[in-house]
Amino acid sequence: MTVRVAVTGATGRMGEEVLAAATDRDDVAVAFAVSRSAGGSVEGVAVEDAADLPTLLTDETPDVLVDFTGPASCVEYAAACAEAGVAFVSGTTGLSQGGFDSLREAAEDVPVLYASNFSRGIAALRRAVREAVPALDGYDIELTETHHNAKRDAPSGTALTLLEDIDDVRGDSPRVHGREGEAPRTESEIGVHARRAGDIAGEHEVLLAGNHESLSLTHRAGSRGVFAAGALDAAAWLSGRDAGWYDFTEVLE
Ligand SMILES: NC(=O)C1=CN([C@@H]2O[C@H](COP(=O)(O)OP(=O)(O)OC[C@H]3O[C@@H](n4cnc5c(N)ncnc54)[C@H](OP(=O)(O)O)[C@@H]3O)[C@@H](O)[C@H]2O)C=CC1
Ligand SMILES: O=C(O)C1=N[C@H](C(=O)O)C[C@H](O)C1
């Protein structure tokens, strides 16, 4: 079965990547693509005006909308999908708690799948971190993420997800963002470091150190194609499901 996807932020880095990945697959087809700066085409798909999204959702009846935009747009597009009965996949990061609450509200009406990272490697890194942290009780933890120089939000959504994973397995810890001055490290804190440089697609390192040893768990994305492929896998998996909140790990099971 071919799943028809709508794509938002079509002229953005990830929007373009999703449209490119869709053209290489048989299980998905692009229903339409939108951007707030409409006009022209990406990967042979005409870019429509995002202001017309509610009408396009009703007229074109896509199965799933795939969203990589900004926090406010993500919430707006999720609400439009809830209204039109269209499933919603998003990887947009930088959402506030209120933004996540709005996505959960949309999930009462349609299936919603949100992931701060759509790569399989990060899913594996999360499992490894959840295993390593309790095994290395009392070790210091430092988390470093590195991204291209145009990324807006810091720390990355993936870093925040990894911090939640660590809190889940060893209890809540204070975070120290960057480090400067005279204060020595406290036992339970997690140092969080965000670097922005060049065109790096995304790197995340969780460093555990203590007892005269250290363990570094690192994931490097080679290109954005890995995120686009994961998001389209999620869209194909989500299509036709009941309303509710879904996780990328369910796609990989
Ligand atoms: N979960 C994952 O696996 C991944 C998530 N991401 C996340 O996806 C999002 C988009 O990343 P990327 O494609 O690199 O970003 P870009 O800035 O290249 O593209 C984002 C597009 O979204 C639209 N947009 C809507 N609202 C905003 C806003 N407030 N700020 C900026 N753009 C906005 C813009 O299109 P227009 O205005 O024309 O509609 C823009 O072209 C980010 O949140 C990023 O962190 C990125 C890679 C992987
Ligand atoms: O903005 C990006 O590029 C990325 N954003 C996501 C994040 O914030 O974690 C995922 C990936 O690392 C690329």
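Colleague: Before we look at β8, when do two strands count as paired?

Modeller: Two strands pair when DSSP finds at least two bridges between them. Keep in mind this is a predicted model.

Colleague: OK, so how many bridges join β8 to β10, and do they run parallel or antiparallel?

Modeller: Seven bridges link β8 to β10 (residues 190–196), and the two run parallel. Within β10, R196 is the bridge partner of H147.

Colleague: And which way does β11 run against β8?

Modeller: Antiparallel, with seven bridges between β8 and β11 (residues 203–210). E142 sits opposite L207 of β11.

Colleague: Which β8 side chains are buried?

Modeller: I141, L143, E145 and H147 are buried and point to one face, while D140, E142, T144 and T146 point to the other and are not buried. In a regular strand, side chains alternate between the two faces of the sheet.

Colleague: Why does H147 count as buried?

Modeller: Because H147 has 25 C-beta neighbours inside 10 Å, and 20 or more is the cut-off for buried. Leaving aside neighbours within four places in sequence, H147 contacts S156, R196, I200 and G202.

Colleague: What does UniProt annotate as "active site"?

Modeller: The unreviewed UniProt entry puts that label on H147 and K151. K151 is in the loop between β8 and α6 (157–170), and is partly exposed, with 17 other C-beta atoms within 10 Å.

Colleague: Switching topic: what surrounds ligand 1?

Modeller: 26 residues, the closest being G9, G12, M14, G70 and G91. The shell splits into seven nonpolar, 16 polar and three charged residues.

Colleague: Which element gives the largest share of that shell?

Modeller: α1, with three residues. α1 (13–23) and α3 (71–84) each supply at least two.

Notes:
Residues numbered from 1 in each chain as written. Chains lettered and ligands numbered in written order. Predicted model: local features only at pLDDT ≥ 70, side-chain atom pairs only at ≥ 80, totals over all residues. Buried ≥ 20, exposed ≤ 12 C-beta atoms within 10 Å, placed from the backbone. Helix = DSSP H or I, 4+ residues; strand = E, 2+ residues; numbered from the N terminus. Near = placed C-beta within 6 Å. Nonpolar A, V, L, I, M, F, W, Y, C, P; charged D, E, K, R; others polar. UniProt positions renumbered as here; feature names shortened; annotations may be inferred. Contact = placed C-beta atoms within 7 Å.
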